[in-house]
Every structure is written in C-alpha cells, then in structure tokens.
There are 2 protein chains.
Amino acid sequence: MSDEHYLQEVLAEEIPLTKAIGITVKKFTGDSLTLSAPLENNLNHKSTAFGGSLYSVAVLAGWGLLHMHMRAAELPGKIVIHESRIKYLRPVTGEIIATCSIAVDTGIEKFLQIFRRKKVARVLLSVQILQGGKVAVDFTGRYVVHQ
Amino acid sequence: MSDEHYLQEVLAEEIPLTKAIGITVKKFTGDSLTLSAPLENNLNHKSTAFGGSLYSVAVLAGWGLLHMHMRAAELPGKIVIHESRIKYLRPVTGEIIATCSIAVDTGIEKFLQIFRRKKVARVLLSVQILQGGKVAVDFTGRYVVHQ
C-alpha cells in the first residue's frame, strides 16, 4: 500500500467528516504532504470555497505530515492541534490543494527526539493553499503530540 | 418563520457542508447567536470533536450573527472571513455549542454606518465553545463585508 493510500484510509476512518469534504491524499514526499478536496463539496454563498473547509484541509495537511513522521519513527502518539491562525488572502475558485512543507529549520528530528524523551512535544507547522500559483490561504498551526 | 429557522435555511442552502456537520441554529437574541452540531458527525481520532469542525461552527456563528444584523438593517452585502485565530483549550466531548456575542464596545452600529457610507466594513468578532461550563475553544475572526 502506498503512503498516500495508507493515510487516505486513516483519515477516512478516524475523521469521518473528511469524506464529506472529499479529501484526497495527493502526495507525500517525506518533506511535504499535499491534500486536495473538490470545490463542489465545499461551496459557500459566493460559490467559492467555504472558509471552514479551507481550514479543515489545511489543519489535516499538518496533522497528516506529523502522523507520517511519527509512523516512520515507529512512535505511538496522539497528535492534536493546540492553536492556529489562518489568513484568507484570495478566494479559492477551484480544487482546494493544501501543502504542508517542513522547512529545514523546523527540526522534525529534534521534535521526535523530544517526544522520545518527554513523551510530549510541540511543533509549529505552516500550510499553504495555492490558487493560480499564488498563495490564497496561509495557515500556521501549533500541534502537540502526546502518548 | 423564526429568525433561527430563517438562518438555518440560509446556511443549508448557501454552505452545503453545514448539513454534513449537522449545524443547528439554536438561538438568536440580537446580541448573540448560538449554533450547535452533534459530536457524532464531527468525531476525530480521539473520539472528541475534530478541530476543523469546531472551527467551522465557530466561524459560522460569527458569520451568521453579522448576516442577521445586515438583514435587520436591510443592507445588501457579502460577508467573508478575512483572518482568524483559534485556541483549543480542552477537548469537546459532547455536543458542539458555539456562541458569538457582540460586546457593547464592538460597535455594530458604527460598523453598519461605515458599511452604508463606504460599501465595505470590517469587524472583529469572538466566538466561544463551552464544555461543562468552561471555555473549550476560543475563536477570534476578522470579517469583511462588501457589496
């Protein structure tokens, strides 16, 4: 089973609303995770993407990326979002495509080390939703992982 | 038709995902709007409420309250969320109940006056989701209304 297929099943099973949103795990590279969702499931009153759907896809891109790293490190842990901020810079008028990328200085290895030692760790992740090559939504979330 | 029934129909028609989330318009008092959603539609991997669902109910409590004030003032306008932040203080383990209250100093009248003059106005609203009498989720959003 591919990494993408595995994560797709995890999301569908553990967070059923992802099926109504229509989330698809597009690509996992190790350094980044891209999720998508069709516009039609997530329309708002302006026939663009609903802000709550954009938030949901973004928060799950970060969650999924952490989930994959915890799995690769064979660490059991529950990942939860602690706080976040989101900026809507332009409307999303097509498929919602959200990518969480780990910058070199985010220190995922350090994060995993702290988790191994303390059984709890925190990490700040950024997710962007692009529209026509420009950033439409900018999300930053602080996640906590505990045993 | 009651205010609550009217807003329920607006949400179901304009933002179809609200039906999957199971949003119910509980109470509109003029100064506050309370929305709810059942836990079962919105479960996460920890059998508590999914962060994206909590965000969606919160952002719509603010949106709905503005919608009702624009309607009462007979002003046409599109309300969009511009940016927001959300803090998850404790897990929500039962029905999601989100209330947006307008503080006396929020100046909804001033906001409506600005909109009448400039055809665009911004307002910062707070929404809280309570769990057992304590704040579980604290949301603040900046909304923009334009013609």
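**Exercise 1. The sheet around strand E6 of chain B**

Determine which strands pair with E6(B), beginning with strand E5 of chain B, and in which sense they run.

*Solution.* In this predicted model, twelve bridges join strand E5 (residues 120–131) of chain B to E6(B), and the two strands run antiparallel. One pair of residues fixes the register, since a bridge is a residue-to-residue match: B:Gln128 has B:Asp138 in E6(B) as its bridge partner. The turn between E5(B) and E6(B) is a hairpin with two residues between the strands, where B:Gly132 takes a positive phi near 60°. The next step is to look for another partner of E6(B), and this is E3(B), which pairs with E6(B) in the antiparallel sense over ten bridges. Here the register can be read from B:Lys78, which stands opposite B:His146 in E6(B).

**Exercise 2. Strands E1, E2 and E4 of chain B**

Establish how E2(B) is joined to E4(B), and how strand E1 of chain B pairs with strand E2.

*Solution.* Start with strand E1 (residues 24–28) and strand E2 (residues 32–37) of chain B, which pair in the antiparallel sense over four bridges. Within this pairing, B:Phe28 has B:Leu33 in E2(B) as its bridge partner. The hairpin formed by E1(B) and E2(B) has three residues between the strands, and B:Gly30 takes a positive phi near 105° in it. Moving on to strand E4 (residues 96–101) of chain B, six bridges join it to E2(B), again with the strands running antiparallel. The register of this second pairing is given by B:Ser32, whose bridge partner in E4(B) is B:Ser101.

**Exercise 3. The surroundings of B:Phe139**

Decide whether B:Phe139 is buried or exposed, and name residues that are in contact with B:Phe139.

*Solution.* First place the residue: B:Phe139 lies in strand E6 (residues 134–146) of chain B. Then apply the cut-off, by which 20 or more other C-beta atoms within 10 Å make a residue buried; B:Phe139 has 23 such atoms and is therefore buried. Leaving aside neighbours within four places in sequence, the contacts of B:Phe139 are B:Ala58, B:Ser84, B:Ile86, B:Ser126 and B:Val127. As a further check on the surroundings, the C-alpha atoms of B:Phe139 and B:Cys100 are separated by 9.3 Å, although the two residues are 39 residues apart along the chain.

**Exercise 4. Helix H3 of chain B**

Test whether the span of helix H3 (residues 51–72) of chain B agrees with its 22 residues, and work out how many of the residues of H3(B) are buried.

*Solution.* At 1.5 Å a residue, the 22 residues of H3(B) should span 32 Å, and since the end C-alpha atoms are 32 Å apart, the two values agree. Turning to burial, 18 of the 22 residues of H3(B) are buried, so the helix is largely enclosed by the rest of the structure. H3(B) is followed by B:Glu74, whose phi is positive, near 55°.

**Exercise 5. The relation between the chains and their contact**

Find the rotation and shift that superpose chain B on chain A, and identify the element of chain B that gives the most residues to the side that touches chain A.

*Solution.* The superposition of chain B on chain A needs a rotation of 180° with 0.0 Å of shift along its axis, and leaves an RMSD of 0.0 Å. That is the relation of a two-fold axis. In chain B, the C-alpha nearest the axis belongs to B:Arg85, at 2.0 Å from it. The contact takes 29 residues from chain B and 29 residues from chain A. On the side of chain B that touches chain A, the elements giving two or more residues are helix H2 (17–21), H3 and strand E3 (78–88) of chain B, and E3(B) gives the most, with nine residues. By class, this side of chain B has 13 nonpolar, ten polar and six charged residues. Because 100% of the interface residues of chain B are also interface residues in chain A, the copies meet through the same surface. Finally, five bridges join strand E3 (residues 78–88) of chain A to E3(B), with the strands running antiparallel, and A:Ser84 stands opposite B:Ile86 in E3(B).

Key: Residues are numbered from 1 along each chain as its sequence is written. Chains are lettered from A and ligands numbered from 1 in the order in which they are written. This is a predicted model: local features need pLDDT of at least 70, side-chain atom pairs count only at pLDDT 80 or more; totals for chains, interfaces and linings use all residues. A residue is buried if 20 or more other C-beta atoms lie within 10 Å of its own, exposed if 12 or fewer, and partly exposed in between; C-beta atoms are placed from the backbone. Two residues are in contact if their C-beta atoms, placed from the backbone, lie within 7 Å. The expected span of a helix is 1.5 Å times one less than its number of residues. Copies are superposed by least squares on the C-alpha atoms of residues with pLDDT of at least 70 in both. Ala, Val, Leu, Ile, Met, Phe, Trp, Tyr, Cys and Pro count as nonpolar, Asp, Glu, Lys and Arg as charged, and the others, Gly among them, as polar. Two strands pair if DSSP finds at least two bridges between them.
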